[in-house]
Amino acid sequence: MLFNSLAFLVFLPSVLIVLGVVPRRWRNPCLLAAGYFFYGCWDWRFLGLLALSTVIDFSAGQLMARSVDAQWRKLVLVCSISANLVILGFFKYFNFFADSFVGLMHWCGLQVSAPMLSVVLPVGISFYTFQSMSYAIDVYRRATKPAEHFLDYATYVAYFPQLVAGPIERAGHLLPQIVSPARVTPERINIGLTLMMLGYIKKVLIADQLALQVDQIFANAGHLSSGVLLRGAYLFTFQIYCDFSGYSDIARGVSELLGIRLRLNFNQPYLSQSITEFWRRWHMSLSAWLRDYLYIPLGGNRHGALMTYRNLMLTMLIGGLWHGANWTFVVWGGLHGSYLVIERLLGIGRRQAPSSPRDVAGWAWRIVCTLLTFHLAAFAWIFFRAPDFTTAFAFISGLFHFTHLRAIGVVPFLVAAAVLAIDIPQNAAGDHTVFLRLPWWVQAPAYATACFAILLWGGGEVPFIYFQF
Amino acid sequence: MQVAVNERAVVTHTPVDVVQEESAAAGAGAAQDASLLWKVWLPIPVLLLLLELTFHLYFWNVPKLTGRSADYGYQFLLDVHRLQQPKPPGTVRVVAFGSSVTGSFDQYQVGSLVGAHEPDVPLEVHRLLLPGIKPSDSRIFFAAQREAIQPDVVVLIVNLVDFLNPSFERDLKEQVRYVLPPWETLRERGAYMTLGSKLDLVFAGSSDLYRYRKLIRSSLRDHLKLLPRWLRSRAARGAYGIYPDGYAAQRFALPVDGAATADLEYYVAPEWIAQRGQVTLRFSAGGRVVAQRNEDQPGWKTIHLPLALQHERLLEVDADSTWVPNASDARDDWRLLSVRLRQLPPRHAKAGAAPLRYPPVDERQMDTFLRFGDPLAGSLATRWAAMLQGDSEFAKRFRRYRELKVAARNQAFTARGEYGEFERLVRELSTSGTTVVIVNSPESPWILKDYGDSPYYRAYRAFFEGLTRYSGVSFHDLSAVLPAEDFNDWHHVNYVGAVKIGPSYAQFISAALAARRRTH
């Protein structure tokens, strides 16, 4: 079920009404049923996989919590992580690795064949597997208490607002709220509705409107002028941001209506002044996951510069592969890893605020850094969006022919203006619900117009890009 | 990712948490006033409900700014809405109905020709065209709308391509989804739909804002595009719409330079009367109509026009139709013309294009749908032959149509599926007292030669002949009446082809009206 579908328009009020009327002890069973229904709407056959992942990590948590034997606890953790990775690997990466192996053997002059599986990728498997794994690791590290009841844990894994595309929650943050959610106050409803409205504006009115043009440009990358390709690169840069951050905003908004606060997943990433800062603001829940469960265990920055660079590159390459079973994602991750390494080498990457409003040079430097970071990210997105290297290289090659640059048109600039109109106030206030501070007579017509526009331009039910991961 | 920070610092208190706590605190501070809930969020559903309840009061009164051939679904619904208005007592209402091949029916031409032959009959001729609509869809439409649109005569224009749909029960094309009545569609096709599709139709049936959202979008977009153009060009500064050979376009203007009266001499071509039966000319100055002439005989005419106000600079003339030289003789002249003028304005008095009006499109103009590009360049037949063999989406689509039709020639004809639905439609219309004229639309000789003589196509025509057993039903076959140069592709005629077969349609309708008079 999509947040931008009619089914969700019926589903959400139904869930809110049911949760509002059932006794407290029935709340989590209802929330769990809602999560399974929400997920089962795509393909009910994968509900078993969700349940399996839940059972594995809950059991692992219980076993580790009841034991003081370090070896035993480690063994349980290894089993739990292995089981999760086997599920993820089988459904998401089997064909990718088999195909890559065959390709490598052919390159070495050996004729081999590998079995290919015709399995459908379960939607959101990367998200809920990572969330479930983080629970087992946190329990092992004693960073979080194990869930007391299976029902609570199952609800935590299958919590529908963030089940299929995050934010990837930690048990320490979400589980206590599942066990005892906050009261839904008018304040929370205001916050929730504002976040949902912003999310739908980003998704329906911006991302979905760009999708067709972006698809066409990437489909014909080899035959287009530099201006058109540049437009395609810019538009995809905004599309993916509005699509994914729009989803996160809606997820957070819906969750507020349920009395549960989800973690922030996007914090105006295109206003970053370095790639280092970009990754503190983009898909923050995944960044934090990779940092805590991959980069730091690899040694982080504790073993000298070279090891730090290696760890950065490895983390980003695996982060790239997490997104999809395609080498283009690995290259995308590698590009970002390289950016981070170069920034470390050059000693840049820390945010520098102008000393005063009159510090013209400071402001100019800040703008230059922001624009440079934006363009580095936009360049890397070409590999992310291109279905294969042929398309990606044709796109980049065409981009640097510098032909018909005026064909870029005004649309990217209009979209940039629309995105900045949301991001700059949020960034300045450090508050995603900053628009709630506007007078009601400004908010009411603005939201009513937005709502009307969403009604008119919505209905296409364009899937969220990150659902494929 | 957050890998470039010192992990010791962030493990205890991550920047994520800091931002989150700040956001939450600030958000909570901003949202303290619970009254916001009522002031900001409550008006939204109220406003939407208000727009929903009053939808039919405002939306259909907003002019569609694009031609009939732009946004067919919108045009179809607009035409249906007009037909739902009460019919004047005693008026005979003729409705031509069908898929894109119905483009060969120009309702203004046919109406004018029938009206010229039967001046005593109060007559309305309408056309409801929706590309891709199948007989099964048409049946759903008429079952729900027949009583509301009150047709006396229905002209069902068909083509073989309309019937080549093996899975018609499951087929609900995007272009007909919101055009067909939602509840009836749900009832008829619900068993073959996904839950999402059913829900979509439930919403479409419950909310006009939802059902017609594409139309609203289209209208908003067109108005936004028009606004700057309209602001730039509202008034004509000189003569316009006159060709160097003296012929004028459908709208033209002549300088009068503040004169109190104007005398105009103009020629009504016999081809025009042959193609249209009768024409009406409206003369205006300063936005006021000063005279109107109805011409049903060709030849030179004169008119004396009192202009009343002496500061007017232009005499503007509007014709209700045009004629096409190429449709009447062998001349390679594809212009849409009206009268010919005896005296041309001086060259310096010409200012070019007609001023933009609101709405900018005159519905009586020949469809651009039937023109398909610049008709002046080269031989249409050659151009379209090359086009259909190309690698464009258009060519691929039309090659597929050809393959479908040619593949049908060796099949056994059974009157099931879409044929069964069509018979049901004809039977229901006949039972309700509606006169039905079935017309097999023209086919290009390029394709007809491949299957026209096949047993399947013979059985196809015999099927329609068989339907004349129902009361008030007649069948006419126009499949082989036009040469290839009168087509844009296999089965869509161009505007010359439409002009040429207009008299045939008029003749069929006149015959149906005569038969109807005899039986009623």
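Helix axes here are lines fitted to C-alpha atoms over the stretch in contact, and the angle between two of them runs from 0 to 180 degrees between N-to-C directions. Keep that in mind for the exercises below, which explore a predicted model.

**Exercise 1. How do helix α3 (residues 47-65) and helix α4 (residues 70-107) of chain A pack, and which residues make the contact?**

Step 1. Start with the geometry. The axes of α3(A) and α4(A) lie 9 Å apart, at an angle of about 170°.

Step 2. Turn the angle into a word. Angles over 145 degrees count as roughly antiparallel, and therefore α3(A) and α4(A) are roughly antiparallel to each other.

Step 3. Find the residues. From α3(A), the contact takes in L49(A), S53(A), I56(A), D57(A), A60(A), L63(A) and M64(A). On the side of α4(A) stand R73(A), V76(A), L77(A), C79(A), S80(A), A83(A), N84(A) and I87(A).

Step 4. Sort them by class. This contact of α3(A) with α4(A) has ten nonpolar, three polar and two charged residues.

**Exercise 2. Now try chain B: at what angle do the axes of helix α8 (residues 135-149) and helix α17 (residues 418-431) cross, and what is the handedness of the crossing?**

Step 1. The two axes come within 8 Å and cross at roughly 25°.

Step 2. Since angles under 35 degrees count as roughly parallel, α8(B) and α17(B) are therefore roughly parallel to each other.

Step 3. As for handedness, the crossing of α8(B) and α17(B) is left-handed.

Step 4. The residues of α8(B) in this contact are P135(B), S136(B), S138(B), R139(B), F142(B) and A143(B). Their partners on α17(B) are E418(B), E421(B), F422(B), R424(B), L425(B), E428(B) and L429(B).

Step 5. Sorted by class, the contact of α8(B) with α17(B) contains six nonpolar, two polar and five charged residues.

**Exercise 3. Describe chain A as a whole, from its helices to its radius of gyration.**

Step 1. Count the elements: chain A has 17 helices and zero strands.

Step 2. Look at its extent. The C-alpha trace of chain A spans about 70 × 65 × 45 Å along its principal axes.

Step 3. Check the radius of gyration. For 469 residues, a compact globule would come near 23 Å, and the 23 Å of chain A agrees with that.

Step 4. Look inside. Of the 469 residues in chain A, 47% are buried. Among its contacts with a separation of 6 or more, 74% involve residues 24 or more positions apart.

**Exercise 4. Describe chain B in a similar way, and find its cis peptide bond.**

Step 1. Chain B holds 20 helices and 14 strands.

Step 2. Buried residues account for 38% of the 520 residues of chain B. Of its contacts between residues at least 6 apart in sequence, 79% join residues at least 24 apart.

Step 3. The peptide bond from Y358(B) to P359(B) is cis, with omega near -5°. To locate it, go to the loop between β12 (350-352) and α15 (380-388) of chain B, where P359(B) lies.

**Exercise 5. Where do H283(A) and H404(A) lie, and is each buried or partly exposed?**

Step 1. H283(A) is not a glycine, yet its phi is positive, near 40°. This residue sits in the loop between α10 (275-281) and α11 (284-298) of chain A.

Step 2. H283(A) has 23 C-beta neighbours inside 10 Å, so H283(A) counts as buried.

Step 3. H404(A), also not a glycine, has a positive phi of about 45°. Look for H404(A) in the loop between α15 (389-399) and α16 (411-429) of chain A.

Step 4. With 14 other C-beta atoms within 10 Å, H404(A) is partly exposed.

**Exercise 6. Which residues are in contact with Y159(A) and with W490(B), leaving aside neighbours within four places in sequence?**

Step 1. Y159(A) belongs to the loop between α6 (150-157) and α7 (171-179) of chain A. Because 26 other C-beta atoms lie within 10 Å, Y159(A) is buried.

Step 2. The contacts of Y159(A) beyond those neighbours are G35(A), L174(A) and I178(A). The C-alpha atoms of Y159(A) and I178(A) are 8.8 Å apart, with their positions 19 residues apart along the chain.

Step 3. W490(B) is in the loop between β14 (473-477) and α20 (495-519) of chain B. It has 22 C-beta neighbours inside 10 Å and counts as buried.

Step 4. Beyond its sequence neighbours, W490(B) is in contact with F398(B), Y401(B), R402(B), E443(B), S444(B), W446(B) and I447(B).

Methods. Residues numbered from 1 in each chain as written. Chains lettered and ligands numbered in written order. Predicted model: local features only at pLDDT ≥ 70, side-chain atom pairs only at ≥ 80, totals over all residues. Helix = DSSP H or I, 4+ residues; strand = E, 2+ residues; numbered from the N terminus. Parallel < 35°, antiparallel > 145°, perpendicular 65-115°, else oblique. Left-handed = near helix turned anticlockwise from the far one by under 90°. Contact = placed C-beta atoms within 7 Å. Nonpolar A, V, L, I, M, F, W, Y, C, P; charged D, E, K, R; others polar. Rg over C-alpha atoms; globule rule 2.2 N^0.38 Å. Buried ≥ 20, exposed ≤ 12 C-beta atoms within 10 Å, placed from the backbone.
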